[in-house]
Protein chains: 2
Amino acid sequence: MIFSSELIKGTLKTIILKLLAENKRMYGYEITQVVKELTKDKVQLTEGALYPTLHALEAEGLLTTETEYIGKRVRKYYSLSKSGKTKSKEKVNEFADFISTMQFLLDIKTKPI
Amino acid sequence: MIFSSELIKGTLKTIILKLLAENKRMYGYEITQVVKELTKDKVQLTEGALYPTLHALEAEGLLTTETEYIGKRVRKYYSLSKSGKTKSKEKVNEFADFISTMQFLLDIKTKPI
DNA sequence: CCTAATACATAAGATATTTATGTATTAGAA
DNA sequence: TTCTAATACATAAATATCTTATGTATTAGG
């Protein structure tokens, strides 16, 4: 089962920022693979969505980049800037709050951890 | 605080279907008000998003309508069809699963109910 | 009497995503 | 050794969806 894309909409930036908060630096393709693994294939980021978003976050000053070559193949690493770290926490907190609100609204019970 | 619209994206259909599963019939304006109250103003549905979505759900055969007049003012009640009831459960279940996945991915802890 | 709330609806513009396409390198199977 | 799949980036057209604006009309209440 893969989540309908409409569900994932709006969470992409949050996912990217959170992963970068935990991993110091990651490159685009790596992000797609890590998300795929962590979600057991339920969340599949498409390149057409990912790369433009990474560029947008960089343009906002939330991410910085370093380009490296693995052999002749280029790899572009992204890291959080200072404002990116702040933004990451904000986004995750907002999403956590959103989850609580939606759980209440949709009367969803979750198992305690 | 109001949730950024990008977060709410993709949840509108689920919210509508769930509310109708619990209330038998509701009209558009009522849905906006109930959601506003239940979420303490954090989720504010706009008419420009709501009405086209209601029409779309009706066109999909998930909702049926009855028009009534309150005085001279028209009111359009929506109810779940049989397939709408099934869809409502599916959507809520999918969303619950999505929440679990995202909580894990974003390392969000929730308080047990 | 006038404003805010109720109640519907649609359309233009903005935004974001999917799908498709493109380039190029490298690992590994046949 | 040759071909395919995976790695790794990127962009653009088409699509979907939402916001914002606008429109009509009724009704409650100050």
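Read along the sequence, chain A goes α-α-β-α-α-β-β-α, which adds up to five helices and three strands; helices here are DSSP runs of H or I with at least four residues, strands are E runs of at least two, and both are numbered from the N terminus. This is a predicted model, where local features need pLDDT of at least 70, side-chain atom pairs count only at pLDDT 80 or more, and totals for chains, interfaces and linings use all residues. Residues are numbered from 1 along each chain as its sequence is written, chains are lettered from A and ligands numbered from 1 in the order written, and side-chain values use heavy atoms, leaving out hydrogens and water.

Now for the hairpin. Strand β2 (residues 63-70) of chain A runs antiparallel to strand β3 (residues 73-80) of chain A, with eight bridges joining them; DSSP has to find at least two bridges for strands to pair. A:E68 sits opposite A:R75 in β3(A). Two residues lie between the strands, and A:G71 takes a positive phi near 65 degrees in this hairpin.

Zooming out, 42% of the 113 residues of chain A count as buried, meaning under 20% relative accessible area with a 1.4 Å probe, protein chains only. The C-alpha atoms of chain A fill a box of roughly 50 × 30 × 25 Å along the principal axes.

Then there's the second copy. A turn of 180 degrees and a shift of 0.0 Å along the axis lay chain B on chain A with an RMSD of 0.0 Å, superposed by least squares on C-alpha atoms of residues with pLDDT of at least 70 in both. That's the relation of a two-fold axis.

Note on methods: Buried < 20%, exposed > 50% of the residue type's maximum accessible area, 1.4 Å probe, protein only.
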